[in-house]
Amino acid sequence: MKSKKNECIRSCRRFSLLLFIIGMIDYGAYAQETKETEEPPSGATSVKLSQEVMNPTTLAWQLQLEEYAIFKSENQDGFAQNFRIRGILPLKEGLLIKVPQLIRVIAFVNTAPDGTTGLGDVVLNQFFILGKKNWGQFGAGWNIQIPTASDHQLGSPQWSLGPAFTVTFTNLGKWQMYWILENFFTVSENGKYGSSAYAVLQPNVFYTWPNGVYAGIEPEWQIDYKTGKVALPMDFRVGYIWSGKLKYNAYIEPEVMAYRSDGYPRNSSNFGVRLGFRWYLPM
């Protein structure tokens, strides 16, 4: 039974890799066709398109695939990885709260350094776009983490939930900056596993060139509210955004752990590389 489960997981990973390759082939074909038959878009249009695609509050249907290959882990030997599948569902107006909103569904297939592979936790979050200004947008929402991990090394054994906040600055020319703050507080089995309370702060700063190339940072900084311990990774992303039948975003992102408090338990990665591919379908 275990071998069949592992084979199923390996098949899912191969299929996801195939989707990534198909997307890159599609990009190559589209880029060649554009070069031969179309005039290049104006700088303003291309920068605007790229920034809309990167903006986390843009109302667009999205499918996002990301493979994080971890080559060095704290006090552990062996290769690890996190494969993330994220779907984003936009709503122009909710049934109860009459504002635009985004619902995100996130699932993982993870591998621990000792080779254990299986499902990670599933995370659901919902952001309400509360205001749009000439400088950008801001919103708030909630997260819920569901303990679906198939092994204790691959996720948390508890349910967690908490509030989330986001603010985006878009009136910065070719620069774009946005911040996301998510909070997680355990709400089940605290007597057995102990309670936890932590936050994830994601500062994002990107510069976009007129040809769709962009570069910037998108680390996820964590702080434990109970102990004050932190994990502060730093990354550098280079990506490309283009438009065909849909809009596409492909990127590569090395990451190193800049600082981690002794004994911080939730992020043991010291060095890894992310490869991502995203599809966008505007409403």
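Start by selecting arginine 237: at 2% relative accessibility, this residue counts as buried (buried means under 20% relative accessible area, exposed over 50%, partly exposed in between, with a 1.4 Å probe and protein chains only). Before going on, note that you are looking at a predicted model, where local features need pLDDT of at least 70, side-chain atom pairs count only at pLDDT 80 or more, and totals for chains, interfaces and linings use all residues. Residues are numbered from 1 along each chain as its sequence is written, and side-chain values use heavy atoms, with hydrogens and water left out.

**Stop 1: the charged network**

Keep arginine 237 selected and add glutamate 253. Their side chains meet in a salt bridge, 2.5 Å from N to O (the rule: a side-chain nitrogen of Lys or Arg within 4 Å of a carboxyl oxygen of Asp or Glu). Glutamate 253 sits in strand 14 (residues 247–260) and arginine 237 in strand 13 (residues 237–243), so the pair ties together parts that are 16 residues apart in sequence. Helices (H or I, at least four residues) and strands (E, at least two) are DSSP runs here, numbered from the N terminus. Glutamate 253 also counts as buried, at 1% relative accessibility.

Next, pick glutamate 255 and arginine 274. These two form a salt bridge, with the closest N and O atoms 2.6 Å apart. The pair links distant parts of the chain: glutamate 255 is in strand 14 and arginine 274 in strand 15, 19 residues apart. Glutamate 255 is buried at 5% relative accessibility, and arginine 274 is buried at 13%.

Leave arginine 274 on screen and add glutamate 66. Their side chains meet in a salt bridge too, 3.3 Å from N to O. Here the linked parts of the chain are 208 residues apart, with glutamate 66 in strand 1 (residues 60–73) and arginine 274 in strand 15 (residues 269–282). Glutamate 66 is buried, with a relative accessible area of 6%.

How many salt bridges does the rule give? The count comes to nine. To see how the ones you have visited hang together, go back to glutamate 255 and its salt bridge with arginine 274. Salt bridges that share partners join Glu66, Arg84, Glu218, Arg237, Glu253, Glu255 and Arg274 into one network, so select those seven names if you want a picture of it.

**Stop 2: strand 6 and its partners**

Now select residues 136–146, which are strand 6. Nine of its 11 residues are buried, so strand 6 is largely enclosed by the rest of the structure. Which strands pair with strand 6? On one hand there is strand 5 (residues 122–132), antiparallel to strand 6 over 10 bridges (two strands pair if DSSP finds at least two bridges between them). Strands 5 and 6 form a hairpin with three residues between them; show lysine 132 to find its bridge partner in strand 6, glutamine 137. On the other hand there is strand 7 (residues 160–172), which runs antiparallel to strand 6 and is joined to it by 10 bridges. Show phenylalanine 138 and you'll find valine 167 of strand 7 standing opposite.

While you have strands on display, here's a handy rule: in a regular strand the side chains alternate between the two faces of the sheet.

**Stop 3: the nonpolar cores**

Select Leu49, Val53, Met54, Phe127, Ala164, Tyr178, Ile180, Phe206, Tyr214, Ile241, Tyr251 and Tyr280: these 12 residues are the largest nonpolar core. (Such a core is a set of buried Ala, Val, Leu, Ile, Met, Phe, Trp, Tyr and Cys residues joined through side-chain atoms within 4.5 Å.) Helix 2 (43–54) and strand 8 (175–186) each supply at least two of its residues, and helix 2 gives the largest share, three. A second, separate core has eight residues, among them Leu65, Phe83, Tyr248 and Trp279.

For a close-up, centre on isoleucine 180. Not counting residues up to four places away in sequence, isoleucine 180 touches Pro56, Phe127, Phe165, Thr166, Val200, Leu201 and Gln202 (contact means heavy atoms within 4.5 Å).

**Stop 4: tryptophan 209**

Where is tryptophan 209? Look in the loop between strand 9 (197–208) and strand 10 (213–217). Tryptophan 209 is partly exposed, with a relative accessible area of 37%. Beyond its neighbours within four places in sequence, tryptophan 209 is in contact with Ser46, Val47, Tyr214 and Ala215. Add serine 50 as well: its C-alpha atom is 8.9 Å from that of tryptophan 209, though the two are 159 residues apart along the chain.

**Last stop: zoom out**

With the whole chain in view, the secondary structure comes to three helices and 15 strands. Buried residues make up 43% of the 283 residues.
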